[in-house]
Every structure is written in structure tokens, then in C-alpha cells.
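Reader: I would like to go through this structure step by step, with the reasoning spelled out. Could we begin once it is in view?

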Amino acid sequence: MNKAKAVMFIFAVAAMLSMISIGYAIAAKTILGAIAGLVALCAVMFIGFKMKRKFREQGLL
């Protein structure tokens, strides 16, 4: 596994944890937690796709 794939794996795990936190916040009935999880998910996905495009341009993926 090269460095680019390891970085993308970390982004995937972070996105998954963000999704889990949204579900947990909904179960705990905390609106603020669900909103924070949604914002974190959007940020992680945006940065992840941006990094993926960068890695593809460099030929690492």
C-alpha cells in the first residue's frame, strides 16, 4: 500500500466515523451534535475528494 492509498484510507475512516457520530447524536437526541457531525462529514468528504484529484494528477492512484 503506497502513501496515497494510506492517506485515502484515513479519509475514508474519518468519513465513516463522522457518519457514525451523526447516528449517535440522533439517537442521543442532540441536534447540535448531529449538525456538528454533518459539518465534519462535509469537510472530510470535500478535503478527501480534493486530495484524490491531486493524487490522480500526480499519477499516484
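Author: Let us start with Arg56, which lies in helix α2, and keep in mind that the model is predicted.

Reader: Is Arg56 buried or exposed?

Author: A residue counts as exposed when its relative accessible area is over 50%. Because Arg56 has a relative accessibility of 57%, the word that applies to this residue of the helix is exposed.

Reader: What distance separates the C-alpha atoms of Arg56 and Ala4?

Author: Along the chain, Arg56 and Ala4 are 52 residues apart. In space, the separation of their C-alpha atoms is 9.5 Å.

Reader: Which residues of α2 are buried, and which helix is included in what covers them?

Author: Helix α2 covers residues 31–58, and to count as buried a residue needs a relative accessible area under 20%. In α2 the buried residues are Ala34, Gly37, Leu41, Val44, Gly48 and Phe55. What covers these buried residues includes helix α1.

Reader: How far does α2 reach from its first C-alpha to its last?

Author: Helix α2 has 28 residues, and at 1.5 Å a residue the expected reach is 40 Å. The model comes close to that expectation, with a reach from first C-alpha to last of 41 Å.

Reader: What value is phi of Lys29 near?

Author: Lys29 sits in the loop between α1 and α2, and it is exposed, with a relative accessible area of 74%. Most residues other than glycine have a negative phi. Lys29 is a residue other than glycine with a positive phi, near 60°.

How values were computed
Residues numbered from 1 in each chain as written. Predicted model: local features only at pLDDT ≥ 70, side-chain atom pairs only at ≥ 80, totals over all residues. Heavy atoms only, no water. Helix = DSSP H or I, 4+ residues; strand = E, 2+ residues; numbered from the N terminus. Expected span 1.5 Å × (residues − 1). Buried < 20%, exposed > 50% of the residue type's maximum accessible area, 1.4 Å probe, protein only. Contact = heavy atoms within 4.5 Å.
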